[in-house]
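Let's take a walk through this model together. Keep the structure open beside you as we go.

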Amino acid sequence: MTGRGIDPASFAARLVRWQRDQGRHDLPWQQGRDPYRVWVSEIMLQQTRVDTVLRYYPRFLQRFPDVRALAAAALDEVLEQWSGLGYYRRARNLHACARQVCLLHGGHFPRTRQELEALAGIGRSTAAAIAVFCFEQREAILDANVQRVLGRAFGLRPGSDAASRKAMWDCAESLLPRQDLPAYTQGLMDLGATVCKPTRPDCLLCPFAADCPRELDPVRAARAPAPAARRSLPWVLLWARDPARPAIWLQRRDAHGIWPGLWCLPQHDDESRALAQARALGGVLHCVRHDPVLHRLTHVDLLLHPMEVVLRPHALAADAGDGAGWFDPARALRLGLPAPVRKLLQRA
Ligand code: SF4
């Protein structure tokens with residue numbers, strides 16, 4: 001896939017996998033599917049960073065726990081709660097919208113994107129997000145973050161003219177998967193907010209780093225500022241597993257160099273060497289490439305590529321003295337492991 005650009009057919013599946021593994025899952029508005037809570041969060045998050053919203057959101061919900069409470073409040077009370085968040089037009093629209101929901105919809109948010117879009121202060125993308133997260137509708141979002149991600153990933157130029165906007169929406173809609181819409185939509189939001197940032201995107205952490213046209217663009221590469229003195233090392237970590245028992249192959253690292261003396265998944269410079277070792281350990285049944293993990297050390301960035309290999313049962317190599325061997329996961333976690341390897345094994 002390298003060099004040909006991102007395959008639109010696999011974009012959603014890759015993003016969903018990344019979201020499940022590396023995305024955000026603990027934000028307060030992600031707990032449950034109450035459209036009121038999702039709507040308030042979506043409006044607050046417009047032009048405001050998540051860490052700021054996290055300071056205001058609980059207080060706002062405590063004061064206005066549901067749409068009826070918000071509709072019944074005086075506008076001044078709403079503005080007071082909004083104080084500090086800025087862009088007060090959002091608070092006014094929030095209040096007006098709550099009243100519309102009560103007057104026109106009996107206090108229940110409508111379920112379709114089109115009906116939601118007819119309410120005060122709810123644009124197409126916000127309406128789509130509510131419809132996806134709360135009502136399992138198949139709709140595309142396209143806020144500023146998503147425009148940036150799709151623009152970079154598919155070489156589109158974001159613009160305010162009608163043709164550019166239409167091209168963006170067409171792209172967003174064409175990428176929609178048939179299933180996993182909430183995870184996919186959250187994945188777009190997470191990637192735009194945490195990895196594909198406006199300046200200095202963390203492409204090393206991106207699931208599309210290998211085939212994103214922005215990353216492969218030679219003109220851009222030539223224009224890019226000279227890299228800092230930091231080195232970046234790609235490491236393949238062989239995660240060999242015994243399917244017949246929960247055992248993982250670990251090796252103790254050299255006393256010198258990175259992670260001296262720690263136990264670790266075997267580290268290789270490329271996949272072919274990792275596979276050669278896996279074959280020597282017991283014959284490869286199948287292999288799963290996990291998303292890369294960036295681990296920053298003081299002087300170097302490690303880009304870890306965990307490669308999980310399930311070996312043929314009953315054909316496993318014996319332990320190799322006290323420097324390498326099979327460990328059951330509980331025992332492995334009691335060893336001195338590098339932090340990212342421990343995290344990986346804990347997650348498994
Ligand atoms: S590789 Fe970089 S530019 Fe491309 S989508 Fe990922 S973070 Fe954005």
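**Starting from an aspartate**

D190 sits in helix α11. Since this is a predicted model, every value that follows is computed from its coordinates. Is D190 buried or exposed? With a relative accessible area of 0%, D190 is buried. Its side chain has a polar partner there: the side chain of Q19, at 3.1 Å, is in polar contact with that of D190. Leaving aside residues up to four places away in sequence, D190 touches W18, Q19, G23, R24 and V195.

Let's step back to the chain as a whole. The chain has 16 helices and eight strands, and its C-alpha trace spans about 75 × 45 × 40 Å along the principal axes. Of the 348 residues, 46% are buried. If you take the contacts between residues at least 6 apart in sequence, 66% of them join residues at least 24 apart.

Helix α2, residues 35-45, is a good next stop. Nine of its 11 residues are buried, so α2 is largely enclosed by the rest of the structure. The buried residues are P35, Y36, V38, W39, V40, S41, E42, I43 and M44. Which helices do they pack against? The partners are α3 (50-63), α4 (67-72), α5 (75-82), α6 (89-105), α8 (124-135) and α11 (181-195). The last of these is the helix that holds D190.

Both ends of α2 deserve a look. At its start, a side-chain oxygen of D34 comes to within 2.9 Å of the backbone nitrogen of Y36. Just after the helix, Q47 has a positive phi of about 60 degrees, although Q47 is not a glycine. This residue belongs to the loop between α2 and α3, and Q47 counts as exposed, at 58% relative accessibility.

R200 offers another case of a positive phi in a residue other than glycine, with a value near 50 degrees. You will find R200 in the loop between α11 and α12 (213-216). R200 is exposed, with a relative accessible area of 74%.

Now for the charged pairs. Side chains of opposite charge can pair when their charged atoms come close. The count for this model is 16 salt bridges. One of them joins D180 to R20, with the closest N and O atoms 3.1 Å apart. D180 lies in the loop between α10 (162-174) and α11, while R20 belongs to helix α1 (residues 8-22), so this pair ties together parts that are 160 residues apart in sequence. D180 counts as partly exposed, at 31% relative accessibility.

Next, consider how the chain is divided. Domain 1 covers 8-205 and domain 2 covers 231-347, and 39 Å separate their centres, taken over C-alpha atoms. Seven residues of domain 1 are in contact with eight residues of domain 2. The size of an interface is often given as the accessible area lost when the parts come together. Here the area buried between domain 1 and domain 2 is about 690 Å², with carbon and sulfur atoms giving 45% of it. On the domain 1 side, D21, L204 and L205 supply 66% of the area buried against domain 2, more than any other three residues.

What polar links cross between the domains? The count there is one salt bridge, together with zero residue pairs in polar contact when both residues are at pLDDT 80 or more. By class, the side of domain 1 that touches domain 2 has three nonpolar, one polar and three charged residues.

A salt bridge between R296 and D202 rounds off the tour, with the closest N and O atoms 3.9 Å apart. R296 lies in strand β6 (residues 293-296) and D202 in the loop between α11 and α12, so the pair ties together parts that are 94 residues apart in sequence. At 48% relative accessibility, R296 counts as partly exposed. R296 also forms a salt bridge with D301, where the closest N and O atoms are 3.2 Å apart. D301 itself is buried, with a relative accessible area of 7%. Together, K197, D202, R296 and D301 are linked in a network of salt bridges.

Technical notes: Residues are numbered from 1 along each chain as its sequence is written. This is a predicted model: local features need pLDDT of at least 70, side-chain atom pairs count only at pLDDT 80 or more; totals for chains, interfaces and linings use all residues. Side-chain values use heavy atoms; hydrogens and water are left out. Domain bounds come from an automatic or database domain assignment. Contact means heavy atoms within 4.5 Å. Buried area is the accessible area (1.4 Å probe) that two parts lose on being put together, summed over both. A salt bridge is a side-chain nitrogen of Lys or Arg within 4 Å of a carboxyl oxygen of Asp or Glu. A polar contact is a pair of N or O atoms within 3.5 Å; within protein, one must be able to donate a hydrogen and the other to accept it, and residues adjacent in sequence count only if both atoms are side-chain atoms. Ala, Val, Leu, Ile, Met, Phe, Trp, Tyr, Cys and Pro count as nonpolar, Asp, Glu, Lys and Arg as charged, and the others, Gly among them, as polar. Helices (H or I, at least four residues) and strands (E, at least two) are DSSP runs, numbered from the N terminus. Buried means under 20% relative accessible area, exposed over 50%, partly exposed in between (1.4 Å probe, protein chains only).
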